[in-house]
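Please look through the structure shown here with the explanation that follows it, which moves from a pair of helices to the sheets, the cores and two loop residues.

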Amino acid sequence: MVAVRIHELHKSFGAHEVLRGIDLEVSGGEVVCLVGPSGSGKSTLLRCLNGLETATSGTVHVGDVEMTHPDTDLDAARRHIGMVFQHFNLFPHLTVLRNVTIAQQRVLRRSRRDADRVALANLERVGLADRARAYPAQLSGGQQQRVAIARSLAMEPALMLFDEPTSALDPELVGDVLAVMRSLAEDGMTMIVVTHEMSFARDVATRVVFMDEGRVVETGPPAEVLRAPRHERTRVFLQRVLEPGRDIELR
């Protein structure tokens, strides 16, 4: 089943064209990693998928819903799409538990008891059930990001979008967040991930999409795109981002 279908997607900010005719399909259960240089349009593409940015032209379907149709109820459609940003966007005055329950109650109209039950289950899933009564300031950056993931999961999305979820973290905190994402992939969650973590893309992605200057340059299984890219632009990018001694080597 096709979970996401993008056709001839263009997005401009004034005279600056950020997306230049993106065509992409994602099947249910796939983990697609978007890689490429800064400014290539990866984050803008994610934001177009859930309607945070309005496409200039083209279409985006998530499931059976056309997100780009002017009559689409985006608030209703977003209930089935989770998004985790670079920064955690937690409410600092609320406990971890309340951060995970508030959207459930206000959007899904769950009772406080049901919202607490779902929240605690998802905090357990990300390894933070024992921190439910803590406040964000009492958590590390990695823990806060895992709370943000639990908050999205509590809404029971069919699709999860991750926009460089580890880029704001200290290096020693990255592993715990990636471990949670690996677990979601193993559970069959459909995921589109903007990332610079090439080892994660290699090990977890079903497909890697390399973007540059608002276009999809190359797409394929991680072993092909990351180790034996067909396009010179992909090869140049990988040579710049892969450090000596890393466990991905170009052929």
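Helix 4 and helix 5 are oblique to each other, because angles under 35 degrees count as roughly parallel, over 145 as roughly antiparallel, 65 to 115 as roughly perpendicular and the rest as oblique. The two helices pack at an angle of about 135°, with their axes 9 Å apart; axes are lines fitted to C-alpha atoms, for helices over the stretch in contact, and angles run from 0 to 180 degrees between N-to-C directions. Asn-122, Leu-123 and Arg-125 of helix 4 make the contact with Val-147, Ala-150 and Leu-153 of helix 5, where contact means heavy atoms within 4.5 Å. Helices (H or I, at least four residues) and strands (E, at least two) are DSSP runs, numbered from the N terminus.

This is a predicted model, in which local features need pLDDT of at least 70 and side-chain atom pairs count only at pLDDT 80 or more, while totals for chains, interfaces and linings use all residues. Residues are numbered from 1 along each chain as its sequence is written, and side-chain values use heavy atoms, with hydrogens and water left out.

Helix 5 also leads to one of the sheets, since this helix lies across strand 6 and strand 7 and runs at about 170° to strand 6. Those strands belong to an open sheet of six strands in the order 6-7-8-3-9-10, with mixed pairing; two strands pair if DSSP finds at least two bridges between them. At the edges are strand 6 (81-84) and strand 10 (215-220), each of which pairs on one side only, and the twist averages 15° from one strand to the next. Strand 6 and strand 7 pair in the parallel sense over four bridges, and Met-83 stands opposite Leu-161 in strand 7.

Another open sheet has four strands in the order 2-1-4-5, with antiparallel pairing. Strand 2 (16-27) and strand 5 (65-66) stand at its edges, each with a single partner strand, so one side of each is left without a neighbour in the sheet. Strand 4 (residues 57-62) pairs with strand 5 in the antiparallel sense over two bridges, and His-61 stands opposite Glu-66 in strand 5. Helix 1 (residues 42-49) lies across strand 1 (2-13), strand 2 and strand 4, running at about 120° to strand 1.

The largest nonpolar core holds 48 residues, of which Leu-123, Val-147, Ile-149, Phe-162, Met-181 and Met-191 touch the most other members. Such a core is a set of buried Ala, Val, Leu, Ile, Met, Phe, Trp, Tyr and Cys residues joined through side-chain atoms within 4.5 Å. Its largest share, seven residues, comes from helix 6 (residues 171-186). A second, separate core of 28 residues includes Leu-19, Leu-34, Leu-161 and Ile-192.

Two loop residues complete the tour. Arg-109, in the loop between helix 3 (96-107) and helix 4 (112-125), has a phi near 60°, a positive value in a residue other than glycine. Glu-156, in the loop between helix 5 (141-153) and strand 7 (159-163), likewise has a positive phi, of about 55°, although it is not a glycine. Arg-109 counts as exposed because its relative accessibility is 69%, and Glu-156 counts as exposed at 54%; buried means under 20% relative accessible area, exposed over 50%, and partly exposed in between (1.4 Å probe, protein chains only).
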